[in-house]
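Okay, can everyone see the screen? Let me put the sequence and the model up, and then I'll walk you through it.

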Amino acid sequence: MSAADLALPVDVPSTALFTDRYEFTMLQAALRSGAAHRRSVFEAFTRRLPEGRRYGVVAGTGRVLDAVENFRFDDRLLAFLDRERVVDAATLKWLAGFRFTGDIWGYPEGEVYFPGSPLLRVEGSFAEAVLLETVVLSILNHDSAIAAAASRMAVAAGGRPLMEMGARRTHELAAVAAARAAYVGGFASSSNLAAGFRYGLPTIGTSAHAFTLLHDTERDAFTAQVESLGRGTTLLVDTYDLTAAVRTAVEVAGPELGAVRIDSGDLLLLAHRVRQQLDDLGARDTKIVVTSDLDEYAIASLAAAPVDAYGVGTSLVTGSGNPTCSMVYKLVARSSGSSAPEAELVPVAKKALGGKTSVGGRKWAARRLDADGVAEAEVVGSGPVPEELRDRQLLVPLVRRGEVVGREPLDAARARHIAARGGLPLSATQLSRGEAVIPTEMA
C-alpha cells in the first residue's frame with residue numbers, strides 16, 4: 001500500500017509541481033517540434049561520491065514510486081500554469097491527461113552504489129520522462145545522503161541500537177523522509193511520530209529537561225514519569241547533578257529501571273562512572289543511552305564505553321556534512337523519431353569540460369566478486385552483458401508500462417543494505433577518508 005493510498009496528512013495533493021520551470025518549457029518546445037514523442041532513456045547517477053566516502057546507499061526508491069504515481073495535473077495546477085504563462089494552451093491540454101506510461105528500472109532500495117552506477121533508468125517518451133527529473137533527483141539526493149550517513153553511524157555503533165532524533169533540526173516534511181532513510185541505513189527507531197504513522201517505523205521518546213524543570217524536585221519528576229510510564233522507562237539524569245540523579249532514579253524505580261539517558265558532558269567518562277554507579281546500586285540491567293550532538297566519529301569514540309544505545313539528530317538529518325549526493329539525471333539514449341518501445345536507440349551524451357561529461361547508451365550494471373565472494377568492481381556497460389555477470393546484475397524493474405511493480409516493505413530495503421554492505425571489502429567500514437572502496441569499470 002502506498003502513502004497516497006493511505007491519504008496521510010503529511011502527503012501533498014500532487015507531486016507534479018515539484019519541478020523546475022524549464023522542464024515545462026522544454027516540453028512545450030518538444031511538443032511543437034514533434035520530438036516530444038521520441039522514445040528516450042534517462043539515467044540518474046553520480047559522477048563522484050561525497051569527499052572521503054567509500055560507498056553510497058540507495059534510499060528513497062519507494063518514495064520515488066509514490067511520486068511517479070502521484071504526478072498528476074488537476075484543474076488548479078493547470079490554472080496556475082496558465083495564469084503564470086508557463087506553457088501554452090496545447091501543452092496544457094497534453095498535461096491534463098498526463099500519466100507516466102513508461103518503464104523504470106533501478107538499483108533496489110538499500111543497495112550500495114559507486115560513481116557512475118546507473119541508479120535509476122527511466123524509459124518512455126521524452127515528454128513523459130523529462131518531467132520527472134526534478135522530483136526524482138530531490139528524493140534520491142536527499143534520502144541517499146541521509147542513508148549513507150546512517151550507514152556509517154551504524155558501522156560505528158557496532159550493533160548497538162541507534163535512534164533517530166532529528167526532526168527539530170530540519171524541515172518538517174524532510175524530517176519524515178530522513179527518518180525513513182535512516183531506518184534503511186541501519187537506525188532502529190525514530191522520535192518522529194509522522195514517520196511512525198506514515199511508514200510504520202518504531203517510535204521512541206520519554207522526557208526532556210523541561211519535564212524535570214517543571215517539577216519542584218528531580219525526585220518528583222522521576223516519580224511522576226515512573227508512575228505514568230512504568231519502571232522500564234528511560235530517565236534523563238543530567239539536568240542537575242548526575243551522580244545524585246542516578247541515585248534518585250534507582251531509588252524511585254528500583255533495579256528494574258529500564259535506562260538512564262545522558263545528554264551532555266564528557267560522554268566517555270560519564271558513561272563509565274554511571275555504569276559503575278548503577279552496578280553498585282544493584283541496577284545491573286539498567287541500560288545507558290547517550291545523546292548530545294553525536295556523529296559517526298563521536299559514536300566510534302564511545303566503542304569501548306558501556307553505552308547501550310545512541311540517539312542522533314542534527315548530524316544525521318544533514319547527511320553528516322554531506323546533505324546531497326550530487327546525483328544528476330541525464331538523457332543517454334533516444335530514438336531517431338519513433339515512440340515505439342522497440343524503436344532503435346541512439347546513444348547521446350553531453351560533451352563538456354570540468355568533469356561534467358557523461359557516457360551515452362542505455363546501461364546495465366553488475367557487481368563482480370572475487371574468489372572469496374567479496375565485491376571487487378562495479379561493472380557498467382551498454383552492450384551485451386558478459387555471461388559471467390548475468391547473475392550479478394543490479395537493476396531491477398520498478399515500473400512497467402506505467403504500473404508500479406517494484407514496491408516492497410521498508411524492512412526489505414533495510415535488510416538488503418546490511419547484506420550489501422557486508423559484501424564489500426572490509427575497508428568500506430573505515431571512517432577515515434578514502435576513495436570508493438571498489439572501482440567502477442566501463443564494459
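So, what share of the contacts in the chain with a separation of 6 or more comes from residues 24 or more positions apart? It's 74%. Keep in mind that this is a predicted model. Overall, we have 16 helices and 18 strands in the chain. The C-alpha trace spans about 80 × 55 × 35 Å along its principal axes. As for burial, 51% of the 443 residues count as buried.

Let's go to the six-stranded sheet. Reading across, the order is E7-E6-E11-E10-E9-E8, the sheet is open, and the pairing is parallel. At the edges sit strand E7, residues 189-190, and strand E8, residues 234-236, each pairing on one side only. For anyone who hasn't looked at sheets in a while, strands pair through backbone hydrogen bonds, in either a parallel or an antiparallel way.

I'd like to zoom in on strand E11, residues 309-312. Are its faces covered or not? Both are covered: on one side Ala309 and Gly311 are buried, and on the other Tyr310 and Val312 are buried too. Now for the partners of E11. Strand E6, residues 162-164, pairs with E11 in the parallel sense over three bridges. Two of the residue pairs to click on are Leu162 with its bridge partner Tyr310, and Met163 with its bridge partner Gly311. Then there's strand E10, residues 287-290, which also runs parallel to E11, with two bridges between them. Here Val289 stands opposite Ala309. And if you follow the chain from E10 through helix H14, residues 296-301, into E11, you've traced a right-handed β-α-β unit.

Next up, a pair of helices. Two packed helices are described by the angle between their axes and the distance between those axes. For helix H12, residues 242-253, and helix H13, residues 267-280, that angle is about 35 degrees and the axes are 10 Å apart. H12 passes H13 in a right-handed crossing. Which residues meet there? From H12 we have Leu242, Thr243, Val246, Arg247 and Val250, and from H13 we have Leu270, Val274, Gln277 and Leu278. Sorted by type, the residues of this contact come out as six nonpolar, two polar and one charged. It's worth remembering that an α-helix has 3.6 residues a turn, so residues three or four places apart point the same way.

While we're on helices, have a look at helix H3, residues 61-69. How many of its nine residues are buried? Eight, so the helix is mostly covered. The buried residues are Thr61, Gly62, Arg63, Val64, Leu65, Asp66, Ala67 and Val68, and you'll notice Arg63 and Asp66 in that list.

For contrast, jump to Ala90 in helix H5, residues 89-96. Ala90 counts as exposed because its relative accessibility is 56%, and the cut-off for exposed is over 50%. In sequence Ala90 is 59 residues from Leu31, yet C-alpha to C-alpha the two are 8.6 Å apart.

Another single residue for you is Thr203, which sits in the loop between helix H9, 193-199, and helix H10, 209-214. Why does Thr203 count as partly exposed? Because its relative accessibility is 36%, and partly exposed covers what lies between under 20% and over 50%. Leaving aside neighbours within four places in sequence, Thr203 is in contact with Ser190, Asn192, Leu193 and Gly196. Ser190 lies in strand E7, one of those edge strands from before. Thr203 and Glu164 are 39 residues apart in sequence, and their C-alpha atoms are 9.1 Å apart in space.

Last stop: a three-stranded sheet. This one is open as well, ordered E14-E15-E18, with mixed pairing. Strand E14, 364-369, and strand E18, 440-442, are at the edges with a single partner strand each, so one side of each has no neighbour in the sheet. From one strand to the next, the twist averages 30 degrees. E14 and strand E15, residues 375-381, pair in the antiparallel sense over six bridges, and one bridge pair to pick out is Trp364 with Gly381 in E15.

That's my tour, so feel free to rotate the model and shout if you want to go back to anything.

Technical notes: Residues are numbered from 1 along each chain as its sequence is written. This is a predicted model: local features need pLDDT of at least 70, side-chain atom pairs count only at pLDDT 80 or more; totals for chains, interfaces and linings use all residues. Side-chain values use heavy atoms; hydrogens and water are left out. Axes are lines fitted to C-alpha atoms, for helices over the stretch in contact, and angles run from 0 to 180 degrees between N-to-C directions. Helices (H or I, at least four residues) and strands (E, at least two) are DSSP runs, numbered from the N terminus. A crossing is left-handed if the near helix is turned anticlockwise from the far one by less than a right angle, and right-handed if clockwise. Contact means heavy atoms within 4.5 Å. Ala, Val, Leu, Ile, Met, Phe, Trp, Tyr, Cys and Pro count as nonpolar, Asp, Glu, Lys and Arg as charged, and the others, Gly among them, as polar. Buried means under 20% relative accessible area, exposed over 50%, partly exposed in between (1.4 Å probe, protein chains only). Two strands pair if DSSP finds at least two bridges between them. A crossover is right-handed if, with the strands pointing away from the viewer, the path from the first strand over the helix to the second runs clockwise.
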